[in-house]
Amino acid sequence: MANLKYSRQRAAIKEYLSDTLEHPTADTVYLHIREAFPNISLGTVYRNLNLLADMGEALKISTPEGGDRFDGRIDPHYHVVCRNCGKIYDLELDEQHMQSVNELANQHFEGTITSHTALFYGTCRECEDTKITQNND
Ligand code: ZN
Ligand code: MN
């Protein structure tokens, strides 16, 4: 029975991840999952998130300043972190460009590179628009 409960929790966590574009932290996932599973602990949520990432059913994005973020979208894609608000956005680059980065890297590596991840930094449109509005006041 215990296993069934845990797999139901994990399924709920996975479903929440697939439904959001926010790339949430474990804390944010915990706050949502607690609505359906009031007794669940943050540790259990964190463990399940890491398990999903290990199984390849979620992405774990480690950010230098804000801890780990999680993503239900698992096809290869890049991310942009907004330096101002901390939000993480998907960056849509075509697969050909991502593949050419692997090829370029392979030319400089004795061994075989098969994949890579990238995290870009900048300011998101929302934050830029807010700044423009504030400057006009
Ligand atoms: Zn922003
Ligand atoms: Mn993503």
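**Entry 1. Ile33 and the nonpolar core**

I began with Ile33, which, leaving aside its neighbours within four places in sequence, is in contact with Ala12, Ile13, Tyr16 and Ile40. I note at the outset that the model is predicted. I then looked up the largest nonpolar core, which has 15 residues. Ile33 is among the members that touch the most other members, together with Ile13, Leu17, Val29, Ile40, Val45 and Leu49. I recorded α1 (2–19), α2 (26–36) and α3 (42–54) as the elements that give two or more residues to this core. As background, nonpolar side chains in soluble globular proteins tend to be buried together.

**Entry 2. Tyr16**

From the contacts of Ile33 I turned to Tyr16, which is found in helix α1. Is Tyr16 buried or exposed? Its relative accessibility is 16%, so Tyr16 counts as buried, the limit being under 20%. Leaving aside neighbours within four places in sequence, I found Tyr16 in contact with Pro24, Thr28, Val29, His32 and Ile33. With His32, the side chain of Tyr16 also makes a polar contact of 3.2 Å. I further checked Tyr16 against Gly72, 56 residues apart along the chain, and found their C-alpha atoms separated by 8.2 Å.

**Entry 3. Helix α3**

I compared the span of α3 with expectation. At 1.5 Å a residue, its 13 residues should span 18 Å, and the end C-alpha atoms are 18 Å apart, so the two values agree. The buried residues that I listed in α3 are Thr44, Val45, Asn48, Leu49, Asn50 and Leu52. Val45 and Leu49 also appear in the core list of Entry 1. After α3 comes Gly56, for which I noted a positive phi, near 80°.

**Entry 4. The manganese ion**

Which residues coordinate the manganese ion (ligand 2)? I found His23 (NE2), Asp71 (OD), His77 (NE2), His79 (NE2) and Asp90 (OD), at 2.0 to 2.3 Å. The spacing of these donor residues in sequence is H-x47-D-x5-H-x1-H-x10-D. His23 lies in the loop between α1 and α2, whereas His79 lies in strand β3, so the pair ties together parts that are 56 residues apart in sequence. Both His23 and His79 are buried.

**Entry 5. His79**

I examined His79 further and placed this residue in strand β3, which covers residues 78–82. Its relative accessibility is 4%, which is why His79 counts as buried. Its side chain makes a polar contact of 3.2 Å with that of His23 and another of 3.0 Å with that of Asp71. His23 and Asp71 are both donors to the manganese ion (ligand 2) as well. Not counting residues up to four places away in sequence, I found that His79 touches several further residues, among them Leu59, Ile61, Ile88, Tyr89, Asp90 and Phe120.

**Entry 6. The zinc ion**

For the zinc ion (ligand 1), I recorded the protein donors as Cys82 (SG), Cys85 (SG), Cys124 (SG) and Cys127 (SG), lying 2.3 Å from the ion. In sequence these donor residues are spaced C-x2-C-x38-C-x2-C. What is the geometry of this site? The site is tetrahedral, with angles of 104 to 117° among its 4 donor atoms. For reference, the ideal angle for four tetrahedral donors is 109.5 degrees. I then compared the accessibility of two donors. Cys82 is buried, with a relative accessible area of 3%, whereas Cys85 counts as partly exposed at 37% relative accessibility.

Key:
Residues are numbered from 1 along each chain as its sequence is written. Chains are lettered from A and ligands numbered from 1 in the order in which they are written. This is a predicted model: local features need pLDDT of at least 70, side-chain atom pairs count only at pLDDT 80 or more; totals for chains, interfaces and linings use all residues. Side-chain values use heavy atoms; hydrogens and water are left out. Donors are N, O and S atoms within 2.8 Å of the metal (3.2 Å for Na, K and Ca); water is not among the atoms, so sites may look incomplete. Four donors count as tetrahedral if all angles lie between 85 and 135 degrees; four count as square planar and six as octahedral if opposite donors are over 155 degrees apart and all others between 65 and 115; anything else is irregular. Buried means under 20% relative accessible area, exposed over 50%, partly exposed in between (1.4 Å probe, protein chains only). Helices (H or I, at least four residues) and strands (E, at least two) are DSSP runs, numbered from the N terminus. A polar contact is a pair of N or O atoms within 3.5 Å; within protein, one must be able to donate a hydrogen and the other to accept it, and residues adjacent in sequence count only if both atoms are side-chain atoms. Contact means heavy atoms within 4.5 Å. A nonpolar core is a set of buried Ala, Val, Leu, Ile, Met, Phe, Trp, Tyr and Cys residues joined through side-chain atoms within 4.5 Å. The expected span of a helix is 1.5 Å times one less than its number of residues.
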